[in-house]
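Reader: I am new to this structure and would like a friendly tour of its pockets and its ligand. Could you show it to me?

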Amino acid sequence: MSRSLRVGLLTGGGDCPGLNAVIRAVTKSLILQHNAEVFGFQDGFLGLIEQRMQQLSYADVSGILTRGGTILGTSNKANPFSYYKRGGADVSNEIVRYCTRTLNLDAIVVIGGDGTMTIADGLQKLGLNIVGVPKTIDNDLVGTDRTFGFSTAAGIATEALDRLHTTAQSHHRVMILETMGRYAGWIALYAGVAGGADIILIPEIEFEIEEVVRVCREREMGGQRFTLICVAEGAKPKDGSRVIREVIADSPDPIRLGGISRWIEAELEKSKMRSEVRTTILGHMQRGGTPNPFDRTLATAFGSYAASMVAEGQFGRLAVLQNSHLASVPLADVANKVRTVPLDAPLLASALSVGTSFGIPQGDQPIKMQSTSVVS
Ligand code: F6P
C-alpha cells in the first residue's frame with residue numbers, strides 16, 4: 001500500500017492579508033482531496049533552517065479564513081543560501097536533506113513574494129520539490145495578474161484617501177498620502193484612481209516637482225481650493241533619488257523605502273503656496289487586518305490550486321492568475337524579477353483622461369493612451 005503524501009508549508013517575507021486563507025485552503029484541500037499529511041514550518045525559512053514545525057490538522061486551520069497575519073509566523077531575514085545567524089553560511093543543502101530524508105516530505109508549498117520565490121527556485125534546483133503561491137500587497141510578482149493581499153491594501157489606501165478628501169476640502173489644504181509598494185506603483189495607482197487623487201506619483205514615472213507645485217497652485221486659484229496627492233514610497237523626482245527610510249543589514253533585501261511624501265511637503269512649503277500641507281504615511285496599516293472578499297476568494301483559489309499542483313507533481317512552479325484563469329509558471333521565470341506598472345497600462349490612460357496629473361507637464365507625457373477594456 002502506498003504511503004500518504006507528506007507536504008510542508010511555509011509563509012515567507014513580509015506578511016499580508018490572506019496568508020491564513022491560503023494556509024487554510026492548501027491544508028484542507030490536501031487533507032480532504034488527497035489524504036495528505038501537512039506540516040507547517042514556523043517563521044518562514046527560519047523555521048525550516050531551525051527545524052521548527054508542527055503538523056497541521058483540519059481543525060488547526062478551521063476558523064482562520066478571515067484572520068490577518070499568518071498563524072505560522074514569517075521572517076524576511078532568513079535566507080538558507082546566506083544564513084545571517086551563522087555569518088552568512090550556505091545551509092541550503094542541509095535543508096534539502098532535512099526535508100527529503102529526515103522528514104520524508106514529497107513537496108513544500110511556499111507562500112511568498114519575489115524574495116521568497118528566488119530562494120524557492122534555488123532550493124528547487126537542489127532537489128526540493130516546491131510549489132509557490134504569489135503573495136504581496138505590492139502586486140509586483142511577474143507571471144501573475146494579481147497577488148493576494150494587494151486588493152485589501154489598495155482598499156485600505158483608498159479609504160485613507162476618502163477620509164483625507166473631506167478634511168482637505170474643509171481646510172482647503174494639500175493632503176499627501178504615501179503608500180507602500182516598493183519599486184512598483186500598483187497600490188498608489190489603484191488607490192489614487194479609486195480615491196480620486198488629483199496627483200498620483202509612482203516609481204515608473206519620474207515626476208517633476210515644479211509640475212506638482214503648478215497643479216496644486218492651479219487648484220488653489222481655481223474653484224477646488226484643495227489637492228489630494230497619492231504618492232508611492234518608491235516614487236522619485238526627475239534628477240533626484242529615492243528616499244530610503246532605513247537599511248536593515250540582516251535582510252536579503254536590506255533597503256526600506258519611505259519618506260518621499262515629507263520631501264514633497266517641504267518642497268511645496270518652500271514654494272510659498274497659500275494652502276497648508278499635511279502628510280500621512282500609511283505604512284503597515286496596509287498589511288494588517290482581515291482580507292477583503294476578493295483576497296479571500298483569490299487566496300482560497302490559489303491554495304486549492306497549489307494543492308492540486310502538489311498532487312499532480314507540478315513542481316518548481318508558481319500558481320498564478322492570468323486573464324481570470326488559474327495557471328502556473330516556472331519559478332525560474334519569476335525569481336529576481338519585479339513587475340512594475342507598464343506605461344501602456346489601461347488604468348494610467350483612464351486616469352490621465354479624467355485629468356489626473358502624474359507630475360509630468362502635458363507635452364512630456366510618457367503614458368501611452370491606448371483604449372482597451374482591460375483594467376490591469
Ligand atoms: O513588500 C511588502 C512591503 O510592505 C513593502 O510595500 C514595503 O516597502 C516593505 O514591505 C516594508 O518592509 P518592513 O515590514 O520590513 O518594514
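Reader: What volume does the second largest pocket have?
Author: Happy to help, and please keep in mind that this is a predicted model. The space is that of an open pocket, worked out from the protein atoms alone. For the second largest pocket, the volume comes to about 430 Å³.

Reader: Which element gives the largest share of the lining of the second largest pocket?
Author: The lining has 21 residues, and Asp198, Val215, Gly355, Thr356 and Ser357 lie nearest the centre of this pocket. Two helices, α6 (186–194) and α7 (209–221), each supply at least two residues of that lining. The largest share is five residues, and the element that supplies them is α7.

Reader: How many residues in the lining of the second largest pocket are charged?
Author: Let's go through the classes one by one. Eight residues of this lining are nonpolar and eight are polar. The charged group completes the division, with five.

Reader: Which element gives the most to the lining of the largest pocket?
Author: The largest pocket holds about 900 Å³ of space. Its lining has 40 residues, and the closest to the centre are Asn76, Asp114, Gly115, Arg182 and Asp253. Two or more residues of the lining come from each of α4 (114–125), β9 (244–247) and β10 (255–257). With five residues, the element that gives the most is α4.

Reader: How many residues in the lining of the largest pocket are nonpolar?
Author: Here too the lining can be sorted by class. It has 15 polar and 14 charged residues. The nonpolar residues number eleven.

Reader: Where does the ligand sit?
Author: The residues around the ligand include Asn76 and Arg182. Asn76 and Arg182 are also among the residues closest to the centre of the largest pocket. That fits the location of the ligand, which is the largest pocket.

Reader: How many residues of the shell around the ligand are charged?
Author: The shell includes Asp138, Glu233, Arg245, Arg256 and Arg287, along with Ile137 and Met180. By class, two residues of the shell are nonpolar and three are polar. The charged ones number six.

Reader: What percentage of the area that the ligand exposes alone does the protein bury?
Author: Start with the contacts: ligand oxygen atoms lie 2.6 Å from a side-chain N or O atom of aspartate 138 and 3.0 Å from a polar backbone atom of glycine 181. Another such distance, to a side-chain N or O atom of arginine 245, is 3.1 Å. Taken alone, the ligand exposes 400 Å², and the part of this that the protein buries is 85%.

Technical notes:
Residues numbered from 1 in each chain as written. Predicted model: local features only at pLDDT ≥ 70, side-chain atom pairs only at ≥ 80, totals over all residues. Heavy atoms only, no water. Near = heavy atom within 4 Å. Polar contact = N/O pair within 3.5 Å; in protein donor to acceptor, adjacent residues only side chain to side chain. Areas by Shrake-Rupley, 256 points an atom, 1.4 Å probe, with all protein chains shown as cover. 1 Å grid on protein atoms, 1.4 Å probe; cavity = no way out; pocket = protein on both sides within 12 Å on 5 of 7 lines; lining within 4 Å. Sits in = over half its atoms within 2 Å of the grid points. Nonpolar A, V, L, I, M, F, W, Y, C, P; charged D, E, K, R; others polar. Points joined across faces, edges and corners; volume = space filled by probe spheres on them. Helix = DSSP H or I, 4+ residues; strand = E, 2+ residues; numbered from the N terminus.
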